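Visitor: I have a new structure to read. Please show me how to go about it, feature by feature.

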Amino acid sequence: MIKKAVTSFTAACLIMSLTPGNIGKAAHKDKPYHLKDSTLKNKTIEGDLVITPGAGRNITFENVTVLGTTIVKGKAPETFELKDSQLHSLSVQTPAHATKITVSGESNVNDTRLDGQVLLTENEITSEGFHDVTVYSSSSKKKKATTLQGEFDTVTTTGKKGQANVELGGIAERIKLNALSKFTLPTNGLVKELHVLKAGKGSVITGDGSVQEATLDSPIMFNGKETSDATSFTTPWSLMWHDEFNQTEIDRGKWTFDIGNGYTDANGQFIPGWGNNEKQYYTDRPENAKTEDGKLVITAKEEEYEGYSYTSARLKTKGLFSKTYGKFEMKASLPVGKGYWPAFWMLPEDDRYGGWAASGEIDILEAQGSNPHEAIGTIHYGESWPNNKYTGAHYAFEDGSTIADEHVYSVEWEPGEIRWYVDGKLRQTQNNWYSKGSGTSANFTYPAPFDQPFHMLLNLAIGGNFDGDPTEDTMFPQSMNVDYVRVYDLTGRPYKTPELPVFEQAPLPDEAKQPLEDGNLIYNNGFDQEWEDVEGIAGVENTDYWYFLTVPDFGGKANVSINQVDSVNYAKVDIQEPGNQPYSVQLIQDASIGKGRYYRVSFDAKSSEPRPINVKVSGDAERGYATYSRSESYELSDQVQSYETVFQMTEETDLAARLEFNLGLSTLPVWIGNVRVEEIPPVKVDPDASKHALPDGNLVYNGTFDQGFPDRLLYWNLVDSENADSMEVDPEERVFSFKPLNETNEVQLVQKGVQLQAGSEYELTLDGVAESVRDIQIEMRSKDGEISYATETISLNGDWESHGMAFSMPDMTDLEAQLVIHLGGSTHKVKLDNIKLLKKVGPVDSFPIKNGTFDNGLDPWESYIHFDTGASIQHVDDEAHISIGNEGMEAWSVQLFQGNLVLEPGKEYTLSFDASSSVARSMTVTLENSQYTRYLSEIAELNENMDRFEYTFTTPLREETSLKFLLGATGNLLGSHDVVIDNVELK
């Protein structure tokens with residue numbers, strides 16, 4: 001069986017020649033042992049054992065072994081509990097009154113034969129429990145029904161008279177209906193193999209449970225329909241992993257725990273509140289997570305623990321079990337009350353496409369304790385935060401049910417489609433998502449990010465951004481009770497082939513907000529008009545069509561006025577309290593946005609000092625605040641600048657979409673004007689056009705062969721491809737693979753639009769392997785193909801190796817050069833990956849840091865202030881002064897840095913500097929390349945004294961790097977403070 005290992009006792013029973021005999025009769029000729037007391041402990045009975053009514057109403061066996069048959073005769077006990085006991089055979093023949101037989105601990109019952117009203121249940125089991133069960137039919141007018149709760153090997157109905165009545169509330173490897181039977185399968189019932197023999201003709205099966213495979217020798221009734229076709233009711237999903245939580249403890253081979261109130265990100269920075277301002281401290285104590293009565297019980301408690309006011313638990317299968325595609329299911333009841341946030345969700349086993357949420361998140365079930373009549377299912381995707389997106393749906397329970405009742409929540413995840421179910425009913429389907437890396441030119445190939453292994457999580461959070469914090473009416477403790485978690489693979493048919501979503505332009509209804517004569521969907525974009533019947537911001541003239549929100553739950557407080565800049569009206573937002581989210585302060589206007597249409601958002605803005613703002617187009621509460629455009633972060637300065645973004649509406653038409661200016665997390669004022677949202681023609685990208693360098697400096701686009709749909713060859717051209725026996729990118733391996741038809745014909749892999757500058761030095765690198773030793777040739781050509789700037793022959797063998805070609809451009813610039821890889825000349829297969837073309841950096845400087853004393857202001861130092869912070873960097877008394885009101889959510893949210901540092905590989909460097917802080921805090925100091933690879937990463941502990949810090953390190957490569965002082969989040973709330981940095985030296 002899947003659930004437990006076969007014990008030595010069971011193995012012995014399986015090879016014994018004992019005959020169980022007819023039901024109700026002793027199998028041994030020796031006089032049977034008659035139970036006289038209700039409790040039997042520490043005893044081995046080699047023959048049969050008989051339990052009669054005189055033994056008592058509640059029978060308990062502890063550490064008892066019966067090698068013969070255990071016979072329950074006459075009026076059965078109300079309960080019969082087996083603790084760490086082994087029965088070779090159990091026979092129950094009773095009148096139609098109920099008896100409950102429970103096995104727990106190291107208990108095994110090899111063969112069970114039932115003729116009566118019996119409940120078999122497994123509870124906190126660590127062994128095999130019940131193995132084979134036979135249920136006899138009965139013609140008695142008194143009701144005789146068998147209920148099975150647990151995991152069973154073979155369940156057989158038999159008998160010549162009457163009907164066998166069975167309900168399976170668990171998992172059975174095999175069900176054999178060898179008698180007329182009524183078989184009930186509730187939602188948690190699962191039959192892996194069903195066999196209806198001829199004697200089972202006319203049997204009735206009802207319920208919402210699942211049958212994976214079936215053989216019908218006779219017709220049956222299945223949920224009211226007569227059928228002889230097994231395919232009419234079997235599920236294509238086959239159970240492959242599950243936890244029924246029947247053990248005495250949580251199975252640490254299946255689940256691990258997150259501990260604490262946050263996590264450490266990829267940069268080594270601690271993120272408190274799990275990034276959501278959650279208030280609980282997660283533990284692995286039994287007070288917060290345990291198995292009890294066949295359920296996983298996750299309990300949230302109000303208590304002081306490790307500096308927090310609440311405790312709870314978060315379990316995950318990371319490192320133990322993960323899967324790409326399948327059906328993931330949980331049956332559970334959830335707590336009710338403001339601040340409770342239970343969830344059953346999935347995260348990628350590895351962040352293949354980048355940080356959250358570029359690599360995806362699947363929320364199978366989330367619930368808000370303050371809204372118990374609804375469940376929520378969501379996916380998160382797009383780019384790394386804060387440029388991520390999410391889409392999902394709320395669905396209301398029927399018949400007044402709530403999350404406090406037991407429900408089955410599941411998703412069916414296939415390539416290019418995810419479906420959510422509650423109690424077996426389809427609630428939503430999603431197939432529209434994308435993933436884009438911070439350094440990539442295009443989206444990763446669909447269906448990324450949902451094409452990689454994900455692991456499962458179960459947790460009960462308290463407080464935070466989702467349902468707010470508990471109130472005095474919230475009851476503690478409460479629990480999330482999970483009956484089971486099951487995972488299935490699709491075996492009854494192939495998985496779907498993904499199809500890239502296509503978004504046809506939807507017509508806009510007559511009631512849609514119409515564009516103005518100049519095409520602008522934003523009315524009163526200059527804050528200089530009034531309408532008689534139109535509302536604006538209360539108390540502020542010339543703001544009709546606009547509305548202004550501060551969100552008290554997130555600590556925002558601000559006001560709006562109209563202020564002129566260069567004789568032009570702007571909306572000026574003065575912020576007294578920035579709150580803890582970008583959307584704590586919002587300036588908004590609605591616009592009608594049509595599905596499939598392209599839009600440009602543009603505006604002018606400034607602040608009094610550098611600060612970020614967040615701008616996006618999204619839905620309202622009825623749309624779950626779904627993001628339609630990218631969630632863009634713009635860095636404002638003290639001068640008016642113009643900003644814009646372009647997006648396609650891929651969601652359903654929204655007549656009241658929100659253009660949001662999210663201005664929280666900083667007290668610096670913001671001026672906004674000349675706001676436009678206008679429909680534009682479809683945006684088309686020419687993959688052969690001239691292409692600027694990617695953020696990591698690479699001049700080759702999609703050199704990793706993971707972009708473009710469906711062939712993953714976006715930006716590449718295959719020349720003379722008819723001469724190829726095979727040429728593809730395998731979806732799993734994600735490398736370019738090519739095999740020629742013959743040795744003579746030419747085949748080329750070409751990328752056009754490569755920008756090469758006159759007199760510059762370049763280095764081309766790639767990884768390659770061949771099935772046998774062979775050569776390929778790489779070449780840089782002019783746009784017209786007439787000039788060859790560089791060429792080199794590379795020898796490949798059976799091992800993956802890196803190869804390169806260095807060259808200098810002549811005194812000419814070609815912004816549309818071609819990279820040509822010649823693949824002919826051999827019939828051996830070639831594989832290529834990680835193609836890069838980088839412009840070589842300049843000479844090494846013995847003293848790379850410039851103006852480390854800040855005598856000449858801040859130049860060439862640069863700053864980065866993320867939109868979730870409130871900070872400014874100024875030159876004061878020949879020092880760098882960083883004033884921080886809100887340090888944000890990440891270590892890198894506030895930065896002072898200097899780039900373009902070229903260091904000698906292998907040489908030891910010493911970095912030294914003076915620094916102080918008005919409050920005790922840590923500061924991360926890094927030296928890293930354009931791909932954020934750190935060659936130095938140190939934590940400097942600052943205080944009020946101007947201390948000297950010194951670190952030594954080496955770099956492995958000659959490349960451009962940046963020295964960064966990271967002054968964002970530290971894991972502790974610091975309040976307003978100032979940091980001073982001076983006398984920076986690197987030598």
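Guide: Start at the surface. Valine 683 has a relative accessible area of 40%, so valine 683 is partly exposed. Keep in mind that this is a predicted model.

Visitor: Where does valine 683 lie?

Guide: Find the loop between β49 (670-680) and β50 (717-719); valine 683 sits there. Then look for its partners. Val646, Val683 and Val685 make a nonpolar surface patch of about 250 Å².

Visitor: Now inside. Which residues have the most contacts inside the largest nonpolar core?

Guide: Met330, Ile362 and Val485 do. That core has 51 residues. Strand β38 (residues 454-462) gives the largest share, 5 residues. A second, separate core has 48 residues, among them Ala76, Phe130, Val166 and Ile205.

Visitor: What is valine 485 in contact with, leaving aside its neighbours within four places in sequence?

Guide: Its contacts include Trp241, Phe245, Trp255, Met330, Phe344, Met456 and Leu458. Charged residues appear too, including Asp243 and Glu329.

Visitor: On to charges. How do I read a salt bridge, and how many salt bridges does a search of the whole structure find?

Guide: Look for a side-chain nitrogen of Lys or Arg within 4 Å of a carboxyl oxygen of Asp or Glu. The search finds 40 of them. Take arginine 486 and glutamate 244: their closest N and O atoms are 3.0 Å apart. Arginine 486 is in strand β39 (residues 478-490), while glutamate 244 is in the loop between β21 (237-243) and β22 (256-258), so the bridge ties together parts 242 residues apart in sequence.

Visitor: Is arginine 486 buried or exposed?

Guide: Buried means under 20% relative accessible area. Arginine 486 is at 1%, so arginine 486 counts as buried. Its partner, glutamate 244, is at 8% and also counts as buried.

Visitor: What about the pair of arginine 285 and glutamate 287?

Guide: They form a salt bridge with closest N and O atoms 3.9 Å apart. Here the two ends read differently. Arginine 285, at 16%, counts as buried. Glutamate 287, at 39%, counts as partly exposed.

Visitor: Where do the partners lie in the bridge between glutamate 652 and lysine 595?

Guide: That bridge spans 2.9 Å, N to O. Glutamate 652 is in the loop between β47 (641-648) and β48 (654-662). Lysine 595 is in the loop between β43 (585-593) and β44 (598-607). The pair links distant parts of the chain, 57 residues apart.

Visitor: Which residues are linked in a network of salt bridges?

Guide: Glu412, Glu414, Glu417, Arg419 and Arg493 are.

Visitor: Now a polar contact. What does the side chain of serine 629 reach?

Guide: It reaches the backbone nitrogen of valine 617, at 2.9 Å. Serine 629 lies in the loop between β45 (611-618) and β46 (632-636). Its relative accessible area is 3%, so serine 629 is buried. Leaving aside neighbours within four places in sequence, serine 629 is in contact with Lys389, Lys616, Val617 and Phe647.

Visitor: One last loop. Where is glycine 169?

Guide: Glycine 169 lies between β13 (164-168) and β14 (171-177). With a relative accessible area of 18%, glycine 169 is buried. Beyond neighbours within four places in sequence, its contacts are Leu148, Gln149, Gly150, Pro186 and Asn188. For a sense of scale, compare C-alpha atoms: those of glycine 169 and glutamate 644 are separated by 58 Å. Along the chain, the two residues are 475 residues apart.

Technical notes:
Residues are numbered from 1 along each chain as its sequence is written. This is a predicted model: local features need pLDDT of at least 70, side-chain atom pairs count only at pLDDT 80 or more; totals for chains, interfaces and linings use all residues. Side-chain values use heavy atoms; hydrogens and water are left out. Helices (H or I, at least four residues) and strands (E, at least two) are DSSP runs, numbered from the N terminus. Buried means under 20% relative accessible area, exposed over 50%, partly exposed in between (1.4 Å probe, protein chains only). Patches are made of residues with over 30% relative accessible area and no salt bridge: like charges are joined within 9 Å, nonpolar side chains (Val, Leu, Ile, Met, Phe, Trp, Tyr) within 5 Å. Accessible areas come from the Shrake-Rupley method with a 1.4 Å probe; for residues, only the protein chains shown count as cover. A polar contact is a pair of N or O atoms within 3.5 Å; within protein, one must be able to donate a hydrogen and the other to accept it, and residues adjacent in sequence count only if both atoms are side-chain atoms. Contact means heavy atoms within 4.5 Å. A nonpolar core is a set of buried Ala, Val, Leu, Ile, Met, Phe, Trp, Tyr and Cys residues joined through side-chain atoms within 4.5 Å.
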